[in-house]
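Please load the model in a viewer and keep the selection panel at hand. The stops below proceed from one selection to the next.

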Amino acid sequence: MMPENATAELPTLKRTLSVTVENKFGVLARIATLFAARGFNIDSLAVGETEDPHVSRMTIVASGSETVLEQVEKQLNKLIDVIQVQSFEKLPHIERDLSLIKVKASESTKSKILQIVETYKARVADTAPDSLLI
């Protein structure tokens with residue numbers, strides 16, 4: 001049993017949202033303001049134009065309790081420039097992280113490094129005489 005003055009913390013969840021918006025000046029600022037004004041946290045944000053130059057897609061990773069994340073979706077749907085909000089919570093999807101790593105490499109160690117790169121299905125983005133960008 002919990003003491004009267006103790007508060008039960010809700011589990012913090014992460015949710016990935018795909019938000020389709022009109023590609024207009026200020027939309028990103030309005031969405032960021034929505035999050036900031038309500039105390040919601042954005043863990044990650046990526047924005048890019050879609051095949052239609054009038055539409056952009058925002059991929060937002062937000063964290064919070066289940067209630068907070070549901071509120072985020074509802075608030076996003078209320079914005080005028082938002083076309084659609086889709087949560088990946090129950091949809092099959094793949095999540096990946098991206099990092100660029102510069103590794104010091106001599107001619108004698110490059111082959112060993114390339115084997116490791118291949119093992120982890122990474123790619124060499126650039127080479128220099130004394131390093132690799134993986």
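**A buried aromatic pair and its helix**

Begin by selecting Phe-35 and Phe-40, both of which are buried. The model is a predicted one, and it holds one aromatic pair. Phe-35 and Phe-40 form that pair in an edge-to-face arrangement, with ring centres 6.2 Å apart and 80 degrees between the planes.

Next, extend the selection to helix H1, residues 27-38. For its twelve residues, a rise of 1.5 Å a residue predicts a span of 16 Å, and the end C-alpha atoms lie 17 Å apart, which agrees.

Within H1, display the side chains of Val-27, Ile-31, Leu-34 and Phe-35, which are buried. Viewed down the axis of H1, the buried residues fall within an arc of 90 degrees, and therefore they line one face of the helix. An α-helix has 3.6 residues a turn, so residues three or four places apart point the same way. On the face turned away from the buried side of H1, select the exposed residues Ala-36 and Ala-37.

What covers the buried residues of H1? Among the elements to display are strands E1 (13-22), E2 (41-49), E3 (55-64) and E4 (82-87), together with helix H2 (66-78). Just after H1, select Gly-39, which takes a positive phi of about 75 degrees.

Finally, move to Glu-107, in the loop between strand E5 (102-104) and helix H3 (110-119). Glu-107 counts as exposed because its relative accessibility is 64%, the cut-off being over 50%. Add Asp-130 to the selection: Glu-107 and Asp-130 are 23 residues apart in sequence, and their C-alpha atoms are 7.7 Å apart in space.

Terms used. Residues are numbered from 1 along each chain as its sequence is written. This is a predicted model: local features need pLDDT of at least 70, side-chain atom pairs count only at pLDDT 80 or more; totals for chains, interfaces and linings use all residues. Side-chain values use heavy atoms; hydrogens and water are left out. Helices (H or I, at least four residues) and strands (E, at least two) are DSSP runs, numbered from the N terminus. The expected span of a helix is 1.5 Å times one less than its number of residues. Buried means under 20% relative accessible area, exposed over 50%, partly exposed in between (1.4 Å probe, protein chains only). The arc is that of the directions from the helix axis to the C-beta atoms. Contact means heavy atoms within 4.5 Å. Rings of Phe, Tyr and Trp (its six-membered ring) pair if their centres lie within 6.5 Å; planes under 30 degrees apart count as stacked, over 60 as edge-to-face and the rest as tilted.
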